[in-house]
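Please open the model in your viewer and keep the selection panel at hand. The tour below proceeds from one selection to the next and states what is to be found at each stop.

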Amino acid sequence: MRESHPVVYKRCGCTGRRGRCPRLLEDGYGSWYFAVQIRGLSGHRERVRRGGYAGAGEAEHAGRQLIAAEQGGPFGAGCTVGQWLRYWLANDQGIRPRTRQGYADHVRLHLVPALGRIMLSELSHCDVRRMFVALAGRRNRYGRPLATATLERVRATLRAALNEAVREGLIDSNPARTLRLPAAPGPRAQIWTDRWVAAWKATGERPTVAVWTIPQLVAFLDSVREDPLYPLWWLRGLRRGELAGLRWVDLSLETAELNVVQQLVHVGGKLVPFPPKSAAGKMDPKIKAVIAAIDEDAWTAIEYPNAVWDEQAGCWVSDAEIAEVSYTAFASKNKQAVTARLIVRRVKQLNPQAGIGQDELFSTYRYHAVFTDSPFHLVQAEQQHRDHAIVEQVFADLACGPLAHLPSGDFAANAAWVTCAAITQNLLRATGCLAGGAHAKARGATLRRRLVAVPARLARHGRGHVTVHLPQHWRWRQAWMNIFDAVHDPPPAEAV
């Protein structure tokens, strides 16, 4: 089998015969196949066979197209979806073990059986949609249809794998990105009132999500007071794996503090320690101790989103407060210790169930600290830091966009390029605001990917008339139309 000539042959589905089926000589019986040798994902040459063609010429043409795509593209340009999924699972080192295990189950049970034989370069939105339609009608081992959450997780696995294929240059776009699954109504929480308790005792019926009242929670905690793990019932905000991963070295009984530095994950039948998911668990213990020691009277409410000015008290009523303490950084390094201001902003975490009547037992906050030697007073210094964060965000957008491709070492050329970059940055931010929704705060790369690189078809009609045909079921169609309607005047009304 030579590299530039595919081998073409005919096959049928007859069983129980030995040797070549005599009916293959008949026209219209069986189907044509081709076999070629191309570079696989590992970089070595592999044999690829495809069939189902009506004629020998059609099969040979498809084989030559595959060879041409392989010669002009990266390794694995002619691989199937199944080959890519297995390669991705085996080589992506950024996937956590527990997540990898879930991905492997989705690939083995759902993705490979439905899409495994399709060439990766030929995978389409219709193929993906057809697979999920079939999955929606499938039953699990309990005889029930697959849950919407399961379909969402399968789609997330496929999207992650195809996104990596896009980054590797194997495909131009992700056909699973625009897929929409039917949204399942989430269970509505109900307060576990005495009437619900009575109905449950009488009929056995209870709501899907029942929320305890404060007296019921107090009664429960009293009932488990003798449990050996009773102190853990009071720890809020920790995941089960983080609780199981606590060690005595992470706990200080003298200062009533614990540090979350690992969690236990069940992988392959064993409990394996891994770093925690949340970056908040990695905060410097010294900074956490300093923040915990701030007196409640030291916090000052600031003007923040949804803040209200109290005329009588003469201050802001806000979910955000700031305070400052003196802090010495780099104390462990000789002659490098720096003492300055540690400004801390805390934002209240609102209870998502408050709208249905579940009041909070205690207030919880998210803390954001900044180490600075700013000479301004507390409120002004904190406001300036937030302004600097906005400017740094603009710099980050420019660095990953036009400033990553400065044309030359010529100062004048680079100056002109920076001027154009600033203009396009302002236009891009205006585009996001006109699109509305999450696009108003999206990164520049996100706006370019969603709204600028439009997968549209242009059609010209006469002089100066251009029609943009947007793809059907495009996820960002409405956002793009918001921009179009804002910058274009409506067509003039026809004279009556």
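The stops that follow begin with the whole chain and then turn to individual elements and residues.

**The whole chain**

Select the entire protein chain first, bearing in mind that this is a predicted model. The chain contains 13 helices and 17 strands. Of its 496 residues, 27% count as buried. The chain exposes about 33,200 Å², and carbon and sulfur atoms supply 55% of that area. Among contacts between residues at least 6 apart in sequence, 48% join residues at least 24 apart.

**Helix α2 and its two sides**

Next, select residues 81-91, which form helix α2. Which residues of this helix are buried? They are Val81, Gly82, Trp84, Leu85, Trp88 and Leu89. These residues lie on the same side of α2, because they cover an arc of only 165° around the axis. In general, residues three or four places apart in an α-helix point the same way, because the helix has 3.6 residues a turn. On the other side of α2, Arg86 and Ala90 are exposed. To see the packing partners, add α3 (97-115) and α5 (148-167) to the selection: the buried residues of α2 pack against both helices.

**Salt bridges within α3 and α5**

Remain with these two helices and display the charged side chains. A search of the whole structure finds 11 salt bridges. In α3, select aspartate 105 and arginine 108, which lie 3 residues apart, about one turn of the helix. The two form a salt bridge, with the closest N and O atoms 3.3 Å apart. Arginine 108 counts as exposed because its relative accessibility is 52%, whereas aspartate 105, at 31%, counts as partly exposed.

Then move to α5 and select glutamate 152 and arginine 155, also 3 residues apart, about one turn of the helix. Their side chains meet in a salt bridge, at 2.7 Å from N to O. Is arginine 155 buried or exposed? With 13% relative accessibility, arginine 155 counts as buried, since buried means under 20%. Its partner, glutamate 152, has 29% relative accessibility and therefore counts as partly exposed.

**The loop after α7**

Select valine 224, found in the loop between α7 (214-223) and α8 (240-244). Valine 224 counts as buried, because its relative accessibility is 14%. Extend the selection to Tyr230 and Trp233: valine 224 touches both, not counting residues up to four places away in sequence.

**The open sheet**

Now select β10, β13, β14 and β15. These 4 strands make an open sheet in the order β10-β13-β14-β15, with antiparallel pairing. Its edge strands are β10 (300-301) and β15 (365-372), each of which pairs on one side only. Within the sheet, focus on strand β13 (residues 320-329) and strand β14 (residues 338-348), which pair in the antiparallel sense over 10 bridges. For a reference point in this pairing, select alanine 323, which stands opposite valine 344 in β14.

**A salt-bridge network at β14**

Which residue forms a salt bridge with arginine 346? The partner is glutamate 296, and the closest N and O atoms are 3.0 Å apart. This pair links distant parts of the chain: arginine 346 belongs to strand β14, while glutamate 296 sits in the loop between α9 (285-292) and β10, 50 residues apart. Arginine 346 is buried, with a relative accessible area of 3%. Glutamate 296, by contrast, is exposed, with a relative accessible area of 53%. Add Glu321 to the selection to complete the group, as Glu296, Glu321 and Arg346 are linked in a network of salt bridges.

**A nonpolar patch**

For the last stop, show the molecular surface and select Ile390, Val391, Val394 and Phe395. Together they make a nonpolar surface patch of about 360 Å². Valine 394 is found in helix α10 (residues 378-399). Why does valine 394 count as partly exposed? The reason is its relative accessibility of 30%, because partly exposed covers the range between buried, under 20%, and exposed, over 50%.

Conventions. Residues are numbered from 1 along each chain as its sequence is written. This is a predicted model: local features need pLDDT of at least 70, side-chain atom pairs count only at pLDDT 80 or more; totals for chains, interfaces and linings use all residues. Side-chain values use heavy atoms; hydrogens and water are left out. Patches are made of residues with over 30% relative accessible area and no salt bridge: like charges are joined within 9 Å, nonpolar side chains (Val, Leu, Ile, Met, Phe, Trp, Tyr) within 5 Å. Accessible areas come from the Shrake-Rupley method with a 1.4 Å probe; for residues, only the protein chains shown count as cover. A salt bridge is a side-chain nitrogen of Lys or Arg within 4 Å of a carboxyl oxygen of Asp or Glu. Buried means under 20% relative accessible area, exposed over 50%, partly exposed in between (1.4 Å probe, protein chains only). Contact means heavy atoms within 4.5 Å. The arc is that of the directions from the helix axis to the C-beta atoms. Two strands pair if DSSP finds at least two bridges between them.
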